[in-house]
Amino acid sequence: MRTVILAILLLSTALLAAQKEIIVTDAVGESLDRLVFSAEGFESKVIENQSRVVFDNNEVNNIWSVEAQGYVEETFMPMNVDTLLMFLASTIGDIVVTDFSTRGNTFFGGVDQLNNPLDLSLQGTANELNFLTGIFVDGSLGEIASRVYTRGLSVNADDDIGWYYVSLQEDGLPISAVQYNYFAPDFFHRTDLADSQVEFIRGGKASILSPNAPGGIINYISQDENHSNRKSFKTTVGLEGNNPYGRLDGLWNADISESTSLLLSGHYRYADGHRDTPYAWSQGGQLKARLYHNFDKGIIRFGVKYLNDRTNRYTGMTATNWNNPQAAFGQSLNSTALMMPAVRLNIPGGPDFDNGEGSYEYDSSNGIHTTELAFNLGLDYQVGLWDLGIKAKYSAKQIDWQTSFSNARMQLDDATPYFISGAAFPLGNVAFRDAITKEQIAVVNNSEIFSGGGYSYISGSLPNDALMGIAPWKKDDSLDDLMLQIVGNREFTSGTLSLGAFWSQSELGYFTNASAAYVTFEANPRLLEVSLQDFSGEEQSLSDGNGISNYGGLFFENGSIASLQSSLFAHYNHTLNYNLEFEVGARYEYINHTGSQVIPMRFGGDIGGADGDLSTAYDQSILVPSEDSNDYDFSYHNQSTSVGIAYHEGSHEAFARLSLSKKAPELNYYITYESDFEKGISEDILQAELGYGISKSSFNASGVAFYSRQSNVAKSDFGQDEMTQQIFRLPIQLIDANTIGFELDWTVRLSKLISLSGQHTIQQSNAIDYSVVNANGTISTEDDTFSDFSENELPHVPNAMHRISLDFKGNAWMARASIFHMGSRFGNIENSFEMGAYQTLDLSLGYQLSKKCIISVNGQNVLNSAGIANFFGPNTFGASANNATAEYISANPSGDFVVFPILPRSIYLSLRYDI
């Protein structure tokens, strides 16, 4: 008997010795409500309201992950760990895959991973995405109107439509079913505390999963119904550049009954912007509500979103030195904002203008006012062997632009500063007065500018002997979207089949008008009241008392478009054996654009303008609606396919994918042309991917080599008529281009507390067939000339992007230091101007005061680096980047030009409290 007892004791001791107990707490040592442990090949462990978990001897040498509500997920090997600390997650947590066709395999699904426990979202949607591998982000204009593209798909993702190839989504549906110039989806997206996850699906497969989006999907996902009884508040103060920033966020989530819960969230912020302007830059916020109801076989989600926000976007500034751009004329790359000074008036014109009657309000301090009211409905339901997902959304959006366009230097010895007023023959003595104080600043005699004599000062002088070519810009656009998506998934023994349909109906109404303004060309511009005394001694007003001129005479857009999109798509994922996986997907899209665009006409020149006074030249060339219009009804039938194969063995995996897709024209194709045009052409896009990944306990890495080819890309630049000063679009050219590159993601765990990670993209983009039109200063196409730049590198595509980050997590502290390198890029297709590489340093520091409270400091571009993000060519009114030819630069080595610098330093202090 003693022998038996001894054997039992020895066996028990051996079993206990083989087990491993780990303590898991938050950063201040308190246990968490619920922990979920999982590892491949093992049953999950769920621990409620305690900190201790035990692993058996067959479990201790495997890699496990642990998840907790509201905390950053951790990965560990039980044999090597005694204590795990969990840290509060940020507003935006890990990027995860919700792709219905490749659940659980993010690498094969083309999904990047981001894990940062500190906030990244305060500078806007695009700047938040800087930590993603392979995505180019130009957020130099501010929190909206950014340029975002991947893998060289960039030809039409230019200054006006930065999300051209990428679908920005909320909870699985596009924010807008359509987009066009100055109406991009990021105008209507603001992150808040209700956002819990983001997915980024890149590569050709995105063209199967989303309508008209071959460049990728970025999907912000709200907290689900399991986040019940959570209430959070967050306050943020900071400095953007030299200016104050303040924001307040709130989240309230509670169970209404056992099967129903409600989530409310919202924010309000006020900011003066990253650069110096004479008025508030951003003011407003949004409210969101989501109702969840669980029933026997599924869940219903109903959501409401109301956005009411004012913000703005920066225009460029002046630089000299083509080889190393430096700010000129007293400007600063870090603080100058050459925007319209504060002014408020009514401008004759508008879509309802009739025989001298009708006007619209313009207030430059309003900036860009965006509103949206959206309702969405989601249903997840099991029907037999099928999992059915239905999503529907209706949204009403509106943008009211009251801001400025261009800020070019107009030299006084050129005709443009005088003829831009709209006056027929404004030569003589021109007087400039401060529009506010009415103090006379200068009188200029311009009578000899056409005979080579230039100008002369009669009295005083103007700063930098120039005026600013700036346009008060009014846009009033509205868009109603109705969307429906249905997806059915069925799992088979060796695979998963997904079938789906998407449908949307969009109704757009748009109006755009621009005037001119007389403004001093200096870092802090002033409005000027301008008058002329001609050769006969007659007095004529070239501006009104506010300094505004050429009322509504620069350009005019007005019309409506109905857009119908419908898609059928299918995807099948098949496991050939334990190691080999195959997928194939296809999508068919029908797109119809039906619209009417008003053809404008000039009003007022023979009757003294809107006020009937021949001595007021500023209102005698108003562009107003005529009775003529361009009517059109165009349809597109597009198909996309994607085929991939993946191999998995242990900690290694590899995949290859080939995708063919088409991109239908966006609505800007119709809006920006005022003469008859033909049906647009859908772009052909080919993408090939080859990837390899490895995952170890202390190291993981994945690399993807890719090839992208764009064909039949419709592209056009701006031009300006030198006589009438009218701005117009040049004839469309069809472009072919390709990009080859490599993306690398890696993370090394240096210790339990410290990890090092990197994201790298190396790529080369080249034109295959690329020509540019030169209008030669006239709106007539008869004198147009063409330049062929085939085989040149594509503009705005960096040859390299690198980010190295060092993360520290210990006790209650979290910290990150991140260095970002943006490689050099050409500023135009001739490759005559190159934007140099630049580096920025971001720092984050957080401290968990308690289980419910965290304080953090985030600094972006903390060294105040002054990189160049974009280039707009010679500093002349109406110029484009392609005007900066090698011949022009050689002839003007000291010439000035327009650049867009990156945003200056910003520092934010946040305090978040979870009730």
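# A walk through the strands, cores and cavities

Between strands β42 and β43 of this predicted model, the chain turns in a hairpin that joins the two through 4 residues. Strand β43 covers residues 754–769 and runs antiparallel to β42, with 14 bridges joining the pair; one place to look is Arg 749, whose bridge partner in β43 is Ser 755. Strand β42, residues 733–749, is also joined by 15 bridges to strand β39, residues 699–715, and this pairing too is antiparallel. Within it, Val 704 has Glu 743 of β42 as its bridge partner.

Two open sheets of 4 strands can be followed next. In one of them the strands stand in the order β11-β10-β13-β12, and their pairing is mixed. The edges of this sheet are formed by β11, residues 173–174, and β12, residues 195–201, each of which pairs on one side only. Strand β10, residues 166–170, and strand β13, residues 216–222, pair in the parallel sense over 5 bridges, and here Glu 170 finds its bridge partner in Tyr 220 of β13.

The other open sheet has the order β20-β19-β53-β52, with antiparallel pairing. Its edge strands are β20, residues 326–327, and β52, residues 868–874; each has a single partner strand, so one side of each is left without a neighbour in the sheet. Strand β19, residues 317–320, is joined to β20 by 2 bridges in the antiparallel sense, and Thr 320 is matched with Gln 326 of β20 as its bridge partner.

From the sheets we can turn to what is packed inside. In soluble globular proteins, nonpolar side chains tend to be buried together. The largest nonpolar core of this model holds 74 residues, and those with the most contacts inside it are Trp 163, Phe 187, Ile 218 and Phe 432. Strand β24, residues 386–411, gives the largest share of this core, with 5 residues. A second core, separate from this one, has 39 residues, among them Tyr 360, Phe 511, Phe 521 and Phe 833. Returning to Phe 187, and leaving aside its neighbours within four places in sequence, the residues in contact with Phe 187 are Ile 144, Ala 145, Tyr 182, Leu 307, Ile 368, Thr 370, Ile 399 and Trp 401.

A charged residue can be followed in the same way. Glu 372 is found in strand β23, residues 367–383. Is Glu 372 buried or exposed? Its relative accessible area is 1%, and because buried means under 20%, Glu 372 counts as buried. Which side chains make polar contacts with that of Glu 372? The side chain of Lys 305 does so at 3.0 Å, and the side chain of Lys 397 at 3.3 Å. Beyond four places in sequence, Glu 372 is in contact with these two lysines and also with Ile 175, Phe 188, Tyr 306, Leu 307, Ser 395 and Ala 396.

Strand β8 and the loop after it offer two further residues to examine. Phe 136 has its place in strand β8 and, at 4% relative accessibility, is buried. Although Phe 136 and Val 148 are 12 residues apart along the chain, their C-alpha atoms are separated by 5.6 Å. Not counting residues up to four places away in sequence, Phe 136 touches Arg 147, Val 148 and Tyr 149, together with His 796, Pro 798, Met 801, Met 822 and Arg 825.

Leu 141 lies in the loop between β8, residues 135–138, and β9, residues 147–150, and with a relative accessible area of 14% Leu 141 is buried as well. The residues that Leu 141 touches, again not counting those up to four places away in sequence, are Asn 312, Arg 313, Tyr 314 and Phe 900. Leu 141 and Asn 828 are 687 residues apart in sequence, and from C-alpha to C-alpha they are 19 Å apart in space.

The last stop is the enclosed empty space. The structure holds 13 cavities of 30 Å³ or more, and the second largest of them contains about 450 Å³ of space. This second largest cavity is lined by 32 residues, of which Gln 123, Asn 127, Asn 130, Thr 840 and Gln 860 lie nearest its centre. The elements that give two or more residues to this lining are β8, β47 (813–822), β50 (838–848) and β51 (853–860), and the largest share, 5 residues, comes from β50.

Terms used
Residues are numbered from 1 along each chain as its sequence is written. This is a predicted model: local features need pLDDT of at least 70, side-chain atom pairs count only at pLDDT 80 or more; totals for chains, interfaces and linings use all residues. Side-chain values use heavy atoms; hydrogens and water are left out. Two strands pair if DSSP finds at least two bridges between them. Buried means under 20% relative accessible area, exposed over 50%, partly exposed in between (1.4 Å probe, protein chains only). A polar contact is a pair of N or O atoms within 3.5 Å; within protein, one must be able to donate a hydrogen and the other to accept it, and residues adjacent in sequence count only if both atoms are side-chain atoms. Contact means heavy atoms within 4.5 Å. A nonpolar core is a set of buried Ala, Val, Leu, Ile, Met, Phe, Trp, Tyr and Cys residues joined through side-chain atoms within 4.5 Å. On a 1 Å grid over the protein atoms alone, a cavity is a set of points where a 1.4 Å probe fits but cannot get out, and a pocket is an open set with protein on both sides within 12 Å along at least five of seven lines; lining residues have an atom within 4 Å of a point. Grid points are joined across faces, edges and corners, and a volume is the space filled by probe spheres set on the points.
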